[in-house]
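Welcome to a short tour of this protein chain. Have the sequence and the structure open side by side, and let us walk through them together.

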Amino acid sequence: MKKLFLSSLATIAIALAACNGSTNNESSSEGNDVNQTVASEESAQKADEENAETSDVDYEPLHTSLVGSFKVEGSPNIESFIYALPFFEKEYEWGDETEIDKANGYFHTSSDGAGQSIYYGALWNRKDGKKLFIFSYRVSDMAVHEGHTKPFCVAGGSKFFYVSANKWYDEAAENEFIDLETGFAAYLYNPDTKEIESLDEPPFNGWSTMKSNMYLILPQKGKDIEVEESRIGEDEEIAHKLKWNGMTFDYEK
């Protein structure tokens with residue numbers, strides 16, 4: 001299993017800073033045009049240098065690797081579904097913090113290091129005989145964002161995932177943040193192709209686009225899902241519930 005921590009969001013941070021900056025009015029003077037061109041080139045060069053100092057990769061949400069169809073080896077159960085995902089390997093030796101419960105269709109693992117990663121997996125047998133598989137995650141890493149002095153959102157507008165940068169403690173430097181991504185993917189098992197196929201929409205009734213970090217705590221026993229919400233700048237986590245109805249889930253605020 002790869003250690004899945006968030007890459008730096010410095011590229012997006014610089015883009016946000018540029019979007020929040022002022023723009024110059026067009027000048028009819030040729031000299032002003034030249035000065036503006038030189039200033040723009042110098043500004044772009046400075047941004048490139050700042051980007052090179054903080055990040056050598058562009059940020060891509062973890063969720064993008066979870067979309068698609070994935071081949072299932074062996075019997076369709078929680079273990080084979082987890083290993084079908086693109087970043088888990090059968091050869092990986094799970095630690096003490098990992099549990100794969102085939103009887104209850106449940107998976108959970110977590111790790112701490114340069115950042116933190118928490119993963120859940122669970123399996124439901126629907127009324128129509130199809131198997132619904134959900135994988136959820138919460139991953140974080142320490143990061144530096146130059147030019148920002150307060151918590152800010154860097155990615156949203158998705159029903160499946162949300163990314164934010166948060167001040168990680170009161171005494172932290174102004175530009176030190178925790179990059180946090182929370183999200184999930186839902187699949188149906190196709191017995192004809194022996195693949196899990198990702199759903200285009202969450203199987204949640206009343207579920208809206210994410211505007212804060214929400215992550216799913218999947219059940220080992222029972223059918224309902226707990227949802228925890230963390231808002232930027234707030235320590236309190238607000239709990240919600242997704243109640244199983246035999247086919248999908250009903251979201252309760």
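## A look around the fold

Let us start at Phe87, which sits in the loop between helix H3 (78–84) and strand E2 (99–101). Phe87 is buried, with a relative accessible area of 4%. Its C-alpha atom is 8.6 Å from that of Ser65, a residue 22 places away along the chain. Please keep in mind that this is a predicted model.

Now for the overall picture. The protein chain has 3 helices and 14 strands. Of its 253 residues, 42% are buried. When contacts between residues at least 6 apart in sequence are considered, 58% of them join residues at least 24 apart. The chain exposes about 14000 Å², and carbon and sulfur atoms supply 45% of that area.

**Strand E8 and its partners**

Strand E8 (residues 176–190) is a good place to linger, as 13 of its 15 residues are buried. Which strands run antiparallel to E8, and over how many bridges? The table gives the three pairings, each with one pair of residues that stand opposite one another.

| Partner of E8 | Bridges | Sense | Opposite residues |
|---|---|---|---|
| E5 (residues 131–144) | 13 bridges | antiparallel | Arg138 and Thr182 |
| E7 (residues 161–167) | 7 bridges | antiparallel | Val163 and Glu181 |
| E9 (residues 195–198) | 4 bridges | antiparallel | Ile196 and Tyr189 |

E8 and E9 also form a hairpin, with 4 residues between the two strands. In that turn, Lys194 has a positive phi of about 55 degrees.

**An open sheet**

Further along the chain, 5 strands make an open sheet in the order E10-E14-E13-E12-E11, with mixed pairing. At its edges are strand E10 (204–205) and strand E11 (213–217), each of which pairs on one side only. Within the sheet, strand E12 (residues 225–230) and strand E13 (residues 237–244) run antiparallel and are joined by 6 bridges. There, Val227 stands opposite His240 in E13.

**The nonpolar core**

In soluble globular proteins, nonpolar side chains tend to be buried together. Here the largest nonpolar core has 53 residues, and those with the most contacts inside it are Phe133, Ile134, Phe135, Ile196, Trp207 and Leu216. What does Leu216 touch once its neighbours within four places in sequence are left aside? Its contacts include Tyr120, Ile134, Phe184, Phe204, Trp207, Val227 and Leu242.

**Aromatic pairs**

The structure holds 22 aromatic pairs. One of them joins Phe88 and Tyr119: the ring centres are 5.9 Å apart and the planes lie at 85 degrees, so this pair is edge-to-face. Phe88 is in the loop between H3 and E2, while Tyr119 belongs to strand E4 (residues 115–125), so the pair links parts of the chain that are 31 residues apart. Both Phe88 and Tyr119 are buried.

A second example is Trp124 with Phe249. Their ring centres are 5.1 Å apart and their planes are at 85 degrees, so these rings are also edge-to-face. Because Trp124 lies in strand E4 and Phe249 in strand E14 (residues 249–252), the pair ties together parts that are 125 residues apart in sequence. Are these two residues buried or exposed? Trp124 is buried, with a relative accessible area of 2%, and Phe249 counts as buried at 0%.

Both rings take part in a cluster as well: ring pairs link Trp124, Phe160, Phe184, Phe204, Trp207, Trp244, Phe249 and Tyr251.

Definitions and conventions: Residues numbered from 1 in each chain as written. Predicted model: local features only at pLDDT ≥ 70, side-chain atom pairs only at ≥ 80, totals over all residues. Heavy atoms only, no water. Pairing = 2+ DSSP bridges. Core = buried A, V, L, I, M, F, W, Y, C linked by side-chain atoms within 4.5 Å. Buried < 20%, exposed > 50% of the residue type's maximum accessible area, 1.4 Å probe, protein only. Contact = heavy atoms within 4.5 Å. Phe/Tyr/Trp six-rings, centres within 6.5 Å; stacked < 30°, edge-to-face > 60°. Areas by Shrake-Rupley, 256 points an atom, 1.4 Å probe, with all protein chains shown as cover.
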